Amino acid sequence: MKRLAGYYCFAIATLMLPLLFPDSYYVTVVGVTVCTNIVLAVSLNLLMGYAGQISLGHAAFFGLGAYSSAVLTIKYGMNPWLAMTAGVIAVTVLSYVLSRPILRLKGHYLAMATLGLGIIVHIFFVQADQFTGGPDGISGLPVLSILGYPIDSDLKWYWTFAIFMLASVLFSLNIAHSRSGRALAAVHGSEIAAQMLGVDTAKVKSHVFVFSAVLACITGSLFAHQQDFVSPESFSFFFSIELVTMVVLGGLGSTFGAVIGAILLSLLPEVLLVFEDFEVMIFGAILMVIMIFLPQGLFVAMEETFFRLLKRKSQGSADVTS
Amino acid sequence: MLHVKNLNTRYGPIHVLKNVSLHVNQGEIVSIIGANGAGKTTLLVSISGLITPVSGEIIFEGQRINGISPAKIVSLGIAHAPEGRQVFSPLTVMENLRLGAFARKKASEQEIEDDIGEVFSLFPRLRERQDQTAGTLSGGEQQMLAIGRAMMAKPRLLMLDEPSLGLAPKLVEVIIKTVVDLNSKGTTILLVEQNARKALEISHRAYVLETGRITIQGPASELAEDSEIRRAYLGKDYRDISER
Ligand SMILES: Nc1ncnc2c1ncn2[C@@H]1O[C@H](COP(=O)(O)OP(=O)(O)OP(=O)(O)O)[C@@H](O)[C@H]1O
Ligand SMILES: [Mg+2]
């Protein structure tokens, strides 16, 4: 219970926002983007932060989910849920097949391989224009409905994304304290030592890779329906890097780190709009300052400070009573 | 229990183990002694499956285990406390111990708690430090953790690679005593030790490994009296040292 106290606060805040500001553009529209980025960052953190395997191609799986939904519903008239399932199956198979050879690589080589994967998938979206609509993308997805209720307003989309995001965050928090989470941490620590304890490291790495890919894929499907439009631009190499930045900025290996990183990187551009031409420059400067002064990540640094203060306070009160 | 027959292991062009044959009977403590670079670690790593031997056989309880995955070998009942500690630094003592039980899929939470309690009663220091991250433990504490973690696998055969490396004499005693304890509770032990005198004292049998070949083998008490071994591994004045 105590362990999840932070999560409950976060969940309540997320669900309260639209009740407090039902007509706000920031809540409903920006909120969906924030939720999307949170799920993507949290899923990437499972792979990067927990298992210690870098990926510079995470946007590829996000894109594959989005395009599966868009292409199968628009070009082939498939039911949206069926299309989403087809996307999930395709991504499961693809990521599983790729995971074994790719995750045998380490460090810079793994970074290169995943980077390549991201670029290839992006080029595919651009080039396979008879399916994907090429650089212009495709639009006109059917309305997604849950148990007969169509998701047809910004507010309903917010709820959908918020619940999906909260479920993903809860899952990620729980996995850290499970047997699988310890296996991931062992792989991160030392693969040899992990094997000595009976952890099948190749299997663990492949499972977390597939899992994080599938989570990104589902997010992509929802995103495509919500945007009602997909184009290759949303799934480029730059977006993969942005996701890595979110995870690192918030604090590698911490679920809430990924959450905070995602929120910050999603909101900062909106706030910085007032600086007009200097927006990107200031954005970069902020990132640099954070990483120089808080190299362990924003959230992890905040958490440490919080516990230090808490400790000092409890020590202080103990002194008083004694 | 464990039979190694004509084992050959190489790292690329370097031929490390040359026709090594040995066996460990149920209930024994068997030591392997040898100079630095003789291939002791390589032998243990070959048995636990982290490196695949080029030829020969490793048979554990009647089953051929060379070529199968390290994870599978652990679940068959062989645990390996590796050389140089190899604890998971960012994880706590508790988490490290729980990871030790990773291969015991069927064990209940209660059983694991009990086993952790047993490790703590052997190494009370670990109990005090249970929530500390392993990276911040002292070298000796890390060594205790590495042994405790291997015990958590509840192995029938426990392989220890230089468990007393770099420890103060008093801690060496604790470790040696723990090994004897574990053995008397039914765990068979394959021990690699630099401290050959101590190892021979507690072992039933021993093998001497010299540049990848077994050159001498026999009951530990006989080996301890062997003049060549005394000269090479125990040091001329080993009695003087031991009396201190
Ligand atoms: N990964 C490796 N690649 C190449 N050579 C290796 C590798 N590991 C060990 N060796 C070589 O194999 C030989 C045996 O090494 P091993 O670690 O088994 O020795 P050891 O008997 O355990 O020595 P020590 O008492 O110093 O721990 C050494 O000459 C070593 O250099
Ligand atoms: Mg060695």
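pLDDT is the predictor's confidence in each residue, from 0 to 100.

**Ground rules.** I am working with a predicted model, in which local features need pLDDT of at least 70, side-chain atom pairs count only at pLDDT 80 or more, and totals for chains, interfaces and linings use all residues. Residues are numbered from 1 along each chain as its sequence is written, while chains are lettered from A and ligands numbered from 1 in the order in which they are written.

**Confidence.** I looked up chain B. Its mean pLDDT is 88, and 95% of its residues reach 70 or more. I then asked where in chain B confidence is lowest and where highest. The low end is helix 11 (residues 238-243) of chain B, with a mean of 47. The high end is strand 8 (residues 188-192) of chain B, at 95. Helices (H or I, at least four residues) and strands (E, at least two) are DSSP runs, numbered from the N terminus. Over residues 236-244 of chain B, pLDDT stays under 50. For that stretch the model has 5 contacts beyond four places in sequence. Two residues are in contact if their C-beta atoms, placed from the backbone, lie within 7 Å. For the model I noted ipTM 0.79 and pTM 0.85.

**Ligand 1.** I listed what surrounds ligand 1; a residue is near a molecule if its C-beta atom, placed from the backbone, lies within 6 Å of it. The shell includes Tyr11(B), Lys40(B), Thr41(B), Thr42(B) and Glu83(B). Gly34(B), Asn36(B), Gly37(B), Ala38(B) and Gly39(B) are also among them, as are Ile14(B) and Val16(B). Strand 2 (14-24) and helix 1 (40-47) of chain B each supply at least two shell residues. Helix 1 of chain B gives the most, with 3 residues. By class I get 4 nonpolar, 6 polar and 2 charged. Here Ala, Val, Leu, Ile, Met, Phe, Trp, Tyr, Cys and Pro count as nonpolar, Asp, Glu, Lys and Arg as charged, and the others, Gly among them, as polar.

**Chain A against chain B.** 14 residues of chain A are in contact with 21 residues of chain B. On the chain A side, helix 8 (179-189) and helix 9 (191-196) give two or more residues. Helix 8 of chain A gives the most, with 5. That side divides into 8 nonpolar, 4 polar and 2 charged residues.

**Arg205(B).** Is Arg205(B) buried or exposed? Arg205(B) is buried, because 20 other C-beta atoms lie within 10 Å. The cut-offs are 20 or more for buried, 12 or fewer for exposed, and partly exposed in between, with C-beta atoms placed from the backbone. Arg205(B) lies in strand 9 (residues 205-210) of chain B. Leaving aside neighbours within four places in sequence, I found contacts with Glu28(B), Val30(B), Gly218(B), Pro219(B) and Ala220(B).
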